[in-house]
Amino acid sequence: MPPLMKTYVLKLYVAGNTPNSVRALRTLKNILEEEFKGVYALKVIDVLKNPQLAEEDKILATPTLSKVLPPPVRKIIGDLSDREKVLIGLDLLYEELSERDGDF
C-alpha cells in the first residue's frame, strides 16, 4: 500500500488581471504541476471582486500566496518569480527535499 501523500491547500490573492497577478498565477501553476501534481488544491481570489475574503484573511498586498494546509499557515507576497524562494517561504522545499532524500 503506497504511503499517503499530503495535500496542499493554497489560496492566491490577486487584484484583477494585472501583469503581476498573471505572472504570479502562471508561475505558481508551473511550480505546482512540476512538483506537487495531484496533491494540491488552489483557490484564486480576486480581492477586487471579493474584498471581504481578503479582509478576513488579513491580506494587505497582492499578489499574496497563502498555504492553508498543512499547518502552519504561510504567506508570501509578490509575483512568485523566484521558484526557490516560493518553495522555501511556504515550507515546501524542505519537505520536498526530505521526501526525495528518503528514496535512496
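## Strands 3 and 4

In this predicted model, strand 3 covers residues 64–69 and pairs with strand 4 in the antiparallel sense. The pairing runs over 4 bridges. Within strand 3, Ser66 stands opposite Lys75 of strand 4.

## The whole sheet

The sheet is open and has 4 strands. Their order is 2-1-3-4, with mixed pairing. Strand 2 (40–46) and strand 4 (74–77) stand at the edges. Each has a single partner strand, so one side of each is left without a neighbour in the sheet.

Neighbouring strands are turned by 20° against each other on average, direction ignored.

## Helix 1 across the sheet

Helix 1 spans residues 19–35 and lies across strand 1 (8–14), strand 2 and strand 3. Its direction makes an angle of about 175° to strand 2.

The helix has 17 residues. From first C-alpha to last, helix 1 reaches 24 Å, close to the 24 Å expected at 1.5 Å a residue.

## Two sides of helix 1

Which residues of helix 1 are buried? They are Ser21, Ala24, Thr27, Leu28, Ile31 and Leu32. Seen down the helix axis, these buried residues fall within an arc of 140°, so they line one face of helix 1.

What does this buried set pack against? Its partners are strand 1, strand 2, strand 3 and helix 3 (83–89). On the other side of helix 1, Pro19 and Glu34 are exposed.

Technical notes
Residues numbered from 1 in each chain as written. Predicted model: local features only at pLDDT ≥ 70, side-chain atom pairs only at ≥ 80, totals over all residues. Heavy atoms only, no water. Pairing = 2+ DSSP bridges. Helix = DSSP H or I, 4+ residues; strand = E, 2+ residues; numbered from the N terminus. Axes fitted to C-alpha atoms, helices over the stretch in contact; angles between N-to-C directions. Contact = heavy atoms within 4.5 Å. Expected span 1.5 Å × (residues − 1). Buried < 20%, exposed > 50% of the residue type's maximum accessible area, 1.4 Å probe, protein only. Arc of directions from axis to C-beta.
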